[in-house]
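Please look through the structure below before reading the points, which are meant for someone meeting it for the first time.

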Amino acid sequence: MRELAGIRRVAEHFGLPASTLHYWERRGLITPHRRVAGRYYDTEQLYRIALIKKWRETGLLGIEEIATLLTGAPGRSALIGERMRVIEQRIAELERARGYLAELRGCPCESGLERCPAFRESTEIPA
């Protein structure tokens, strides 16, 4: 059996504050072994922590969504599909923002960007 890892070592390894691990514990996402000297995590909990961190960072999943996925509750596929739609929408927004900034970077107008002919041509205002 692998040795249990203490909370400080786990927090440092995953680049998380110990308070995040405490919060995840309070929310029922992880279950450390409790000893007089503190909280300790076994291999299964370490993989669970890694998975939760990955979901938070790459899937931009909230705690409630993560709890649903971890419990295996029905609707996992729908939840994942909805997150993918939200992320795809955000990607489209970011691509539009990048495109605009690229145009802005190439704009010859030194000041008064609201007077830029290219901006005015592409912007509709009320009559």
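The points below take up the sheet, the nonpolar core and a surface patch in turn.

1. This is a predicted model, in which local features need pLDDT of at least 70 and side-chain atom pairs count only at pLDDT 80 or more, while totals for chains, interfaces and linings use all residues. Residues are numbered from 1 along each chain as its sequence is written, and side-chain values use heavy atoms, with hydrogens and water left out.

2. An open sheet of three strands runs in the order β1-β3-β2 with antiparallel pairing. Because β1 and β2 stand at the edges, each with a single partner strand, one side of each is left without a neighbour in the sheet. Strands and helices here are DSSP runs numbered from the N terminus (strands E, at least two residues; helices H or I, at least four), and two strands pair if DSSP finds at least two bridges between them.

3. Strand β1 (residues 5-6) meets strand β3 (residues 38-41) over two bridges, with Ala5 opposite Tyr41. On the other pairing, strand β2 (residues 33-35) and β3 are joined over three bridges, His33 stands opposite Tyr40, and the two strands form a hairpin with two residues between them.

4. The largest nonpolar core (buried Ala, Val, Leu, Ile, Met, Phe, Trp, Tyr and Cys residues joined through side-chain atoms within 4.5 Å; buried means under 20% relative accessible area, exposed over 50%, partly exposed in between, with a 1.4 Å probe and protein chains only) has 19 residues, and Val10, Leu21, Trp24, Ile30, Tyr41 and Ile49 have the most contacts inside it. Two or more residues each come from α1 (7-14), α2 (18-26), α3 (43-58) and α4 (63-71), and α1 gives the largest share, four residues.

5. Leaving aside neighbours within four places in sequence, Val10 is in contact with Ala5, Leu21, Tyr41, Leu46 and Ile49, where contact means heavy atoms within 4.5 Å.

6. Phe119, which lies in helix α6 (residues 117-122), is partly exposed, with a relative accessible area of 32%.
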